[in-house]
Amino acid sequence: MADILIIGGGVAGVTAAARLAEDASVTLLEAEPSLGYHASGRSAAIFIAQYGNETIRALNHASLQEHHATDGGVLTRRGLMLVGRPQERAAFEAEAAANDMAPITVAEARAAVPILNPVTCAYAAWYDEAYDMDTHRIMESARKRARSLGVEIVTGARVTAISRADGHWEVETAGRSFRAATLVNAAGAWADEVAVMAGLRPMEIRPFRRSMARLPAPNGADTTGWPFMDGVNESWYAKPDTGGLLVSPSEEDPVAPHDAWADDMVLAEGLARYEEMVTAPVTRVETSWAGLRSFAPDRTPVIGRAPDCPDFFWLAGQGGYGFQTAPAASRLASDLLMGRSPALPATVVGALSPERFAA
Ligand SMILES: Cc1cc2nc3c(=O)[nH]c(=O)nc-3n(C[C@H](O)[C@H](O)[C@H](O)COP(=O)(O)OP(=O)(O)OC[C@H]3O[C@@H](n4cnc5c(N)ncnc54)[C@H](O)[C@@H]3O)c2cc1C
């Protein structure tokens, strides 16, 4: 019998496994044939320190140092440029101010990204604390550490039933049964389903689809040094990617948990919003995909013991921040599960706790 059984092999489950294995025997079950198949394999791989609400920002800042240190460092500075259309002045100014972005001239913006259209791009602002994240290395480094500390990682192991017997959990997959003292629910878009399977109250964690397209380099330009670009109110974003450009319509369409794919119409509309801001037409989409960003109603992750069962631990609702917050989130999970005083401030721990939804 394991001390802790983690359900879900995305970034949340794998980083928690690596951390918890320092103090406990851990088993991790992943439904798919490989780790990181769902949201964790589909992200934009960007770290933006000021992204998210106050609690997310606290997790971002508490994660930064570890990201810089993990495996020799997994962050490379990219910078972020917010661009606004002439009719978006008020929204642009509010967003730039709320996110500590420094206004720059359109000429400066075009020096950074020469394809910006000087007619439609009326405003620009710059933010330095945005980094490319090597998400593959984050996953691999955590997986290797977990394995070296004895974590049993079982892929192709979809949990189909969970029951309680003699004070421990019995967990069924198609091929095998597992027993554990404590369950960690790191099931991403399926987190509520897992709670219900365990006979517990769901947290109303809802998945929202977000699509992404990969374009060849616009006009054959060298995109390597371009910043991450954001439309006002996250109406689209673009990020250089191995010689090309990733463009997302930034949609948040509510869906049921599933193996997501890009919606052609949503993608086309998002690409049109990007195209309006540049002089290089979109001639070809090399590939596209979508993933699910799962949010609790207050858009803050849910990390802590279930109010209705202390042996069930929530590590879910990471939304669009699961990679950038993973170091602090996994540390908090391990502190709470091991009975240590969390390194994060009490207000942040409280804002993340499932207790906030207790009736
Ligand atoms: C398009 C897009 C762009 C993003 N960009 C960024 C970004 O730039 N920066 C950032 O930090 N974050 C980003 N995110 C968010 C980030 O990807 C997620 O927050 C993070 O991957 C969530 O990790 P997770 O482990 O909770 O979920 P997942 O990666 O979805 O993992 C959950 C796992 O649980 C498994 N599971 C579910 N049910 C069961 C079961 N019954 N039995 C066994 N296993 C089960 C699933 O198969 C799945 O693999 C983005 C997300 C998307 C979709």
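Let me begin with a definition: a residue is called buried under 20% relative accessible area, exposed over 50%, and partly exposed in between. Take E193 as the example. Its relative accessibility is 43%, so E193 counts as partly exposed. This residue sits in helix 6, which covers residues 191-197. D100 is 93 residues away from E193 along the chain, and the C-alpha atoms of the two are separated by 38 Å. I should say now that what you see above is a predicted model.

On to the ligand. How many residues surround the ligand? There are 39, and the closest are E30, S40, V159, G319 and Q324. Sorted by class, that shell has 20 nonpolar, 13 polar and six charged residues.

Some polar atoms of the protein can be placed against oxygen atoms of the ligand. For I46, a backbone N or O atom lies 3.0 Å from a ligand oxygen. For Q318, a polar atom of the side chain is 3.2 Å from an oxygen of the ligand. For Q324, a polar backbone atom is 2.9 Å from a ligand oxygen. As for cover, the ligand taken alone exposes 1,000 Å², and the protein buries 97% of that. Which elements give two or more residues to the shell? They are helix 1 (11-20), strand 13 (206-215) and strand 18 (287-295). Strand 18 gives the most, with three residues.

Let me stay with helix 1 for a moment. Ten of its ten residues are buried, so helix 1 is largely enclosed by the rest of the structure. Among those buried residues are V11, G13, T15, R19 and L20.

Back to Q324, which I listed among the residues closest to the ligand. Where is Q324? In the loop between strand 20 (309-316) and helix 8. Is Q324 buried or exposed? With a relative accessible area of 1%, Q324 is buried. While the backbone of Q324 has the ligand contact I mentioned, its side chain has polar partners within the protein. A polar atom of the Q324 side chain lies 2.8 Å from the backbone nitrogen of I48. The side chains of Q324 and N60 are joined by a polar contact of 3.0 Å. Leaving out residues up to four places away in sequence, Q324 touches I46, F47, I48, Y51, N60, S63, H67 and M133. I46 therefore turns up twice, since it touches Q324 and also has a backbone atom 3.0 Å from a ligand oxygen, with contact here meaning heavy atoms within 4.5 Å.

The last topic is charge. Side chains of opposite charge can pair when their charged atoms come close. How many salt bridges does the model have? The count comes to 29. I will go through three of them.

The first pair I picked is E66 with R331, a salt bridge whose closest N and O atoms are 3.0 Å apart. E66 lies in helix 2 (residues 54-69) and R331 in helix 8 (residues 326-337), so this pair ties together parts that are 265 residues apart in sequence. E66 is partly exposed at a relative accessible area of 26%, and R331 is partly exposed at 25%.

Next is E152 with R176, a salt bridge with its closest N and O atoms 2.9 Å apart. This pair also links distant parts of the chain, 24 residues apart: E152 is in strand 9 (residues 152-154), and R176 is in the loop between strand 11 (168-172) and strand 12 (177-185). E152 has a relative accessible area of 31% and is partly exposed. R176, at 39% relative accessibility, counts as partly exposed.

Then there is R210 with E234, where the closest N and O atoms of the salt bridge are 2.8 Å apart. R210 is in strand 13, and E234 is in the loop between strand 14 (228-231) and strand 15 (237-241), 24 residues apart. R210 counts as buried because its relative accessibility is 9%, whereas E234 is partly exposed at 24%. Which residues are linked with these two in a network of salt bridges? The network consists of R210, E234, E252, R293 and R299. Strand 13, where R210 sits, is also one of the elements that give two or more residues to the shell around the ligand.

Key. Residues are numbered from 1 along each chain as its sequence is written. This is a predicted model: local features need pLDDT of at least 70, side-chain atom pairs count only at pLDDT 80 or more; totals for chains, interfaces and linings use all residues. Side-chain values use heavy atoms; hydrogens and water are left out. A residue is near a molecule or strand if one of its heavy atoms lies within 4 Å of it. A polar contact is a pair of N or O atoms within 3.5 Å; within protein, one must be able to donate a hydrogen and the other to accept it, and residues adjacent in sequence count only if both atoms are side-chain atoms. Accessible areas come from the Shrake-Rupley method with a 1.4 Å probe; for residues, only the protein chains shown count as cover. Helices (H or I, at least four residues) and strands (E, at least two) are DSSP runs, numbered from the N terminus. Ala, Val, Leu, Ile, Met, Phe, Trp, Tyr, Cys and Pro count as nonpolar, Asp, Glu, Lys and Arg as charged, and the others, Gly among them, as polar. Buried means under 20% relative accessible area, exposed over 50%, partly exposed in between (1.4 Å probe, protein chains only). A salt bridge is a side-chain nitrogen of Lys or Arg within 4 Å of a carboxyl oxygen of Asp or Glu.
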